[in-house]
Amino acid sequence: SVRELPPAARGDRPAPRGGDRVLRAPQAHGPRERHLRAGRSRDAGRVARQERGADRRVRRAAAAEGHVEIVRLLLERGASPNVKGPAGYTPLGAASLHGHASVARLLLKAGALVDAKSDNGNTALLDATQLDRADTVKELLAFDANLLRTNRDGLPALAIAAMEGHAATLAVLLEHGADPNTLDREGRSALFWALFKKQRTTTNLLVAHGAEVGAMSLDIFDY
């Protein structure tokens, strides 16, 4: 009988075992895979740059002109409503500073942090109050902005509005639940500051809403 030669002697390759099949598979670290991995890395970098660019654009659009539709489009494309820019301002902080109430509302609905602070220590509510942005203050309070947060001088929004004579903003604060007897860090009331700065309108507004006069004199306006 003719004896069959082993596969190796015939020049045939033996059927690959399971381990061999794994070894014979395209190498995960070969030139093609490295090329694909580099391409994915470049794509990820490009996406990251695009996202950062969108974040910067949403800040500029929110701050400069109050472009509601541009901000909406950028948010839909994934721009963050909370990324901080120059001086630590978020898009909400920038919009509030410039009095863009509609943009502030859009950002808040998109998840903007209402009490985020900028580098000056102010929340959006404190900045909007300082600049008498009554409509923006109303939007911030609708999303539960903290009325008790203070600026670096220890003054809450109510005291700031009272001392600056911002009657419209003070009225909004009081209408949204601000305690007329809220004290600042040194224990002084908003009424104290209104009297100290001789702000007749805000003094009368605070008294009408129940501010306690105590030992303070209201006759300073008689001279």
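Is Thr123 buried or exposed? Keep that puzzle in mind while you look around; the tour will come back to it soon.

**Stop 1: the whole chain**

Start with everything in view, and remember that this is a predicted model. Show the chain as a cartoon: there are twelve helices and zero strands. Following the sequence from start to end, you therefore read the letter α again and again, in the pattern α-α-α-α-α-α-α-α-α-α-α-α. The chain has 223 residues, and 39% of them count as buried. Now think about contacts between residues at least 6 apart in sequence: 62% of these join residues at least 24 apart.

**Stop 2: Thr123**

Time for the opening puzzle. Select Thr123, which sits in the loop between α6 and α7 (124-130). Thr123 counts as buried, because its relative accessibility is 1% and the cut-off for buried is under 20%. What is Thr123 in contact with, leaving aside its neighbours within four places in sequence? Show Asp115, Ala116, Lys117 and Arg149, and you have the answer.

**Stop 3: helices α6 and α8**

Next, select helix α6 (residues 101-109) and helix α8 (residues 134-142). In general, two packed helices are described by the angle between their axes and the distance between the axes. Here the angle is about 15°, and the axes are 8 Å apart. Because angles under 35 degrees count as roughly parallel, α6 and α8 are roughly parallel to each other. The crossing in which α6 passes α8 is right-handed.

Now turn on side chains where the two helices meet. From α6, show Ala101, Ala104, Arg105 and Leu108; they meet Asp135, Thr136, Glu139 and Leu140 in α8. Colour the buried residues of α6 as well: Ala101, Val103, Ala104, Leu106, Leu107 and Leu108. Then step just past the end of α6 to find Gly111, which takes a positive phi of about 105°.

**Stop 4: three salt bridges**

How many salt bridges does a search of the whole structure find? There are three, and you can visit each of them.

Stay with α6 and α8 for one of these. The side chains of Arg105 and Glu139 meet in a salt bridge, with 2.9 Å from N to O. Arg105 lies in α6 and Glu139 in α8, so this pair ties together parts that are 34 residues apart in sequence. Arg105 counts as partly exposed, at 31% relative accessibility, while Glu139 counts as buried at 14%.

Now select Glu69 and Arg72. Their closest N and O atoms are 2.5 Å apart, and the two residues form a salt bridge. Both lie in helix α4 (residues 68-76), three residues apart, which is about one turn of the helix. Glu69 is exposed, with a relative accessible area of 55%, and Arg72 is partly exposed, with 30%.

To complete the set, show Arg188 and Asp184. This salt bridge has its closest N and O atoms 3.3 Å apart. Arg188 counts as partly exposed at 30% relative accessibility, whereas Asp184 counts as buried at 7%.

**Stop 5: the nonpolar core**

In soluble globular proteins, nonpolar side chains tend to be buried together. To see an example, look at the largest nonpolar core, which has 42 residues. Which residues have the most contacts inside this core? Select Leu92, Leu107, Leu125, Leu140, Leu158, Leu173 and Leu206. Helix α9 (residues 157-164) gives the most to the core, with seven residues.

Zoom in on Leu92. Leaving aside its neighbours within four places in sequence, Leu92 is in contact with eight residues' worth of names you can type in: Ala104, Leu107, Leu108, Ala112, Leu113, Val114, Ala124 and Leu140. You may recognise Ala104 and Leu108 in α6 and Leu140 in α8 from the meeting place of those helices.

**Stop 6: helices α10 and α12**

For the last stop, select helix α10 (residues 167-175) and helix α12 (residues 200-208). Their axes come within 10 Å and cross at roughly 15°. These helices are therefore roughly parallel to each other, and their crossing is right-handed. Show Ala167, Leu170, Ala171 and Leu174 in α10: they meet Thr201, Thr202, Leu205 and Leu206 in α12. Leu206 is also one of the residues with the most contacts inside the largest nonpolar core.

Notes
Residues are numbered from 1 along each chain as its sequence is written. This is a predicted model: local features need pLDDT of at least 70, side-chain atom pairs count only at pLDDT 80 or more; totals for chains, interfaces and linings use all residues. Side-chain values use heavy atoms; hydrogens and water are left out. A salt bridge is a side-chain nitrogen of Lys or Arg within 4 Å of a carboxyl oxygen of Asp or Glu. Helices (H or I, at least four residues) and strands (E, at least two) are DSSP runs, numbered from the N terminus. Buried means under 20% relative accessible area, exposed over 50%, partly exposed in between (1.4 Å probe, protein chains only). A nonpolar core is a set of buried Ala, Val, Leu, Ile, Met, Phe, Trp, Tyr and Cys residues joined through side-chain atoms within 4.5 Å. Contact means heavy atoms within 4.5 Å. Axes are lines fitted to C-alpha atoms, for helices over the stretch in contact, and angles run from 0 to 180 degrees between N-to-C directions. Angles under 35 degrees count as roughly parallel, over 145 as roughly antiparallel, 65 to 115 as roughly perpendicular and the rest as oblique. A crossing is left-handed if the near helix is turned anticlockwise from the far one by less than a right angle, and right-handed if clockwise.
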